[in-house]
Amino acid sequence: MRKKVHVAMFSGGAASAYVANHMVQTHGKENSILFFTNTLWEDEDNYRFMDEIAESIGVEITERVDGRTPEEVFYDYKFLGNSRLAKCSEELKVYQTITFLEELRDNENLEPILYFGIGPHESHRADNLKAFYEHNPIEPIETRFPMIETFREDLDVKSIIENEWKIKLPRMYELGFSHANCAGRCVRGGFQHYAQLYSIWPDRYQEQEEMEENFRTHFEKNVSILKKDGKPYTLKEYREQMDREGVEKFLKVQDNTVPCVCSFS
C-alpha cells in the first residue's frame, strides 16, 4: 500500500499558485510537493514569482528539466510546433511529469495525487487532463481541480495573491498576456497573443520569427506557427501586416486558440 503524496502542478501562473497553497494548507507540508517542469524559455519574472510563492507556502520547488528548449524539440522531430500540435509541451512537460510520477511510485512507494489550477470556465480541459492521467501512466493517477470541485465562488486569485499575500504577480499578466508560459513565445498563442508579443517585446517576436524562418530553410518546408485560411502564415508575413495596418488593430481580435497543457503543468 503506497502512502499518498499531494503534487501541485506548479506552472508559475496565479491559479496554480493558489491551488498549491490550498493543497499544502489542507494536507500538510510533509505530504506535499510543488512540481515544476522547466522549458528553459520561461520569463525571468516567473521564476521570481514561483520562488516567492514557494517561500510563502514553506515547500521547496521540485524541478525537472529535459535540457532542451522548445526550438530544439522542433528540430529533433523535424516538426514546427503550432496551435494544433505542440511537441514541446509533450516532451518538456508531459513526459517529464509522467516519468517523475512513476519514480515516486517505484522508488519511494508513494501514490501521487495531482492538483491543477483550472477554473470552472475551463472544465473541458479538466476533463481532458483527468482522462489523460487515467490512461497514460502505468496505473491511473487521481487528479483534483479545487478551483472547480472545492471553492463555491469563482475566486479572484490574482487579487488575493497581490493584496492579501502581498506577492507581486508575474509581470506578463500586467503586460496583458493571457498566460505566462514560455515568455510569450508559446507556439499555441494565436494571432492576438503574437500581436501582444510584438507590441510589448518586439525583440522576442524577432527571435521567434528568426526561429521559424531558420526552420523553414533548414528543412525546406512551407510550415509556420500561425495558420490563416487553413494555410501557413509566417510570423514575418504577420509582422509586415501589423507594420502596415498598425499593431493596435490586432490586439483587439479575440483568438479561438487556447494555451497548451503548459498552462496547467
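Me: In this predicted model, how are helix 10 and helix 11 oriented relative to each other, and how should I read that?

Reply: Two packed helices are described by the angle between their axes and the distance between those axes. In this case helix 10 and helix 11 pack at an angle of about 140°, with their axes 9 Å apart, and they are therefore oblique to each other. The cut-off matters here, because only angles over 145 degrees count as roughly antiparallel.

Me: Which residues of helix 10 and helix 11 meet, and how do the residues of that contact divide into nonpolar, polar and charged?

Reply: From helix 10 come Tyr205, Gln206, Gln208, Glu209, Glu212 and Glu213, and they meet Leu235, Lys236, Tyr238, Arg239 and Met242 of helix 11. The residues of this contact divide into four nonpolar, two polar and five charged.

Me: What do the angle and the axis distance look like for helix 1 and helix 2?

Reply: The same pair of descriptors applies, namely the angle between the axes and the distance between them. Helix 1, residues 14-27, and helix 2, residues 44-57, pack at an angle of about 15° with their axes 10 Å apart, and these two helices are therefore roughly parallel to each other. The crossing of helix 1 and helix 2 is right-handed. In the contact, Ala14, Ala17, Ala20, Asn21 and Val24 of helix 1 meet Phe49, Ile53 and Ile57 of helix 2, and the residues divide into seven nonpolar, one polar and no charged.

Me: Turning to the strands, what is the order of the open sheet, and in which sense do its strands pair?

Reply: A sheet can be read by following which strand pairs with which. Here an open sheet of five strands has the order 3-2-1-4-5, with parallel pairing. Strand 3 (61-65) and strand 5 (142-144) stand at the edges with a single partner strand each, so one side of each is left without a neighbour in the sheet. Neighbouring strands of this sheet are turned by 35° against each other on average, when direction is ignored.

Me: How many bridges join strand 1 to strand 2, and how many pair strand 1 with strand 4?

Reply: Strand 1, residues 3-9, is joined to strand 2 by four bridges, and the two run parallel; the bridge partner of valine 7 in strand 2 is isoleucine 33. With strand 4, residues 110-115, strand 1 pairs in the parallel sense over six bridges, and valine 5 stands opposite proline 112 of strand 4.

Me: Is strand 2 enclosed or open to the outside, and what lies across it?

Reply: Burial can be read residue by residue along an element. For strand 2, residues 32-38, seven of the seven residues are buried, so the strand is largely enclosed by the rest of the structure. Both of its faces are covered, with Ser32, Leu34, Phe36 and Asn38 buried on one side and Ile33, Phe35 and Thr37 buried on the other. Helix 4, residues 87-108, lies across strand 1, strand 2, strand 3 and strand 4, and runs at about 145° to strand 2.

Me: How many residues of helix 9 are buried, and against which elements do they pack?

Reply: Eight of the 11 residues of helix 9, residues 190-200, are buried, so this helix is largely enclosed by the rest of the structure. The buried residues are Gly190, Gln192, His193, Tyr194, Ala195, Gln196, Leu197 and Tyr198, and they pack against helix 10 (202-219), strand 6 (226-228), helix 11 (235-245) and helix 12 (247-251).

Me: Are the loop residues threonine 69 and alanine 86 buried or exposed?

Reply: Threonine 69, found in the loop between strand 3 and helix 3, is buried with a relative accessible area of 18%, a value to be set against the cut-off for buried, which is under 20%. Leaving aside neighbours within four places in sequence, threonine 69 is in contact with Thr39, Leu40, Trp41 and Leu92. Alanine 86, in the loop between helix 3 and helix 4, is buried with a relative accessible area of 10%. Not counting residues up to four places away in sequence, alanine 86 touches Val187 and Arg188; alanine 86 and arginine 188 are 102 residues apart in sequence and 7.3 Å apart in space, C-alpha to C-alpha.

Me: What is phi for leucine 40 and for lysine 78?

Reply: Most residues other than glycine have a negative phi. Leucine 40, however, has a positive phi near 70°; this residue lies in the loop between strand 2 and helix 2 and counts as partly exposed at 39% relative accessibility. Lysine 78, in the loop between helix 3 and helix 4, has a positive phi near 55°.

Key: Residues are numbered from 1 along each chain as its sequence is written. This is a predicted model: local features need pLDDT of at least 70, side-chain atom pairs count only at pLDDT 80 or more; totals for chains, interfaces and linings use all residues. Side-chain values use heavy atoms; hydrogens and water are left out. Axes are lines fitted to C-alpha atoms, for helices over the stretch in contact, and angles run from 0 to 180 degrees between N-to-C directions. Angles under 35 degrees count as roughly parallel, over 145 as roughly antiparallel, 65 to 115 as roughly perpendicular and the rest as oblique. A crossing is left-handed if the near helix is turned anticlockwise from the far one by less than a right angle, and right-handed if clockwise. Contact means heavy atoms within 4.5 Å. Ala, Val, Leu, Ile, Met, Phe, Trp, Tyr, Cys and Pro count as nonpolar, Asp, Glu, Lys and Arg as charged, and the others, Gly among them, as polar. Buried means under 20% relative accessible area, exposed over 50%, partly exposed in between (1.4 Å probe, protein chains only). Two strands pair if DSSP finds at least two bridges between them.
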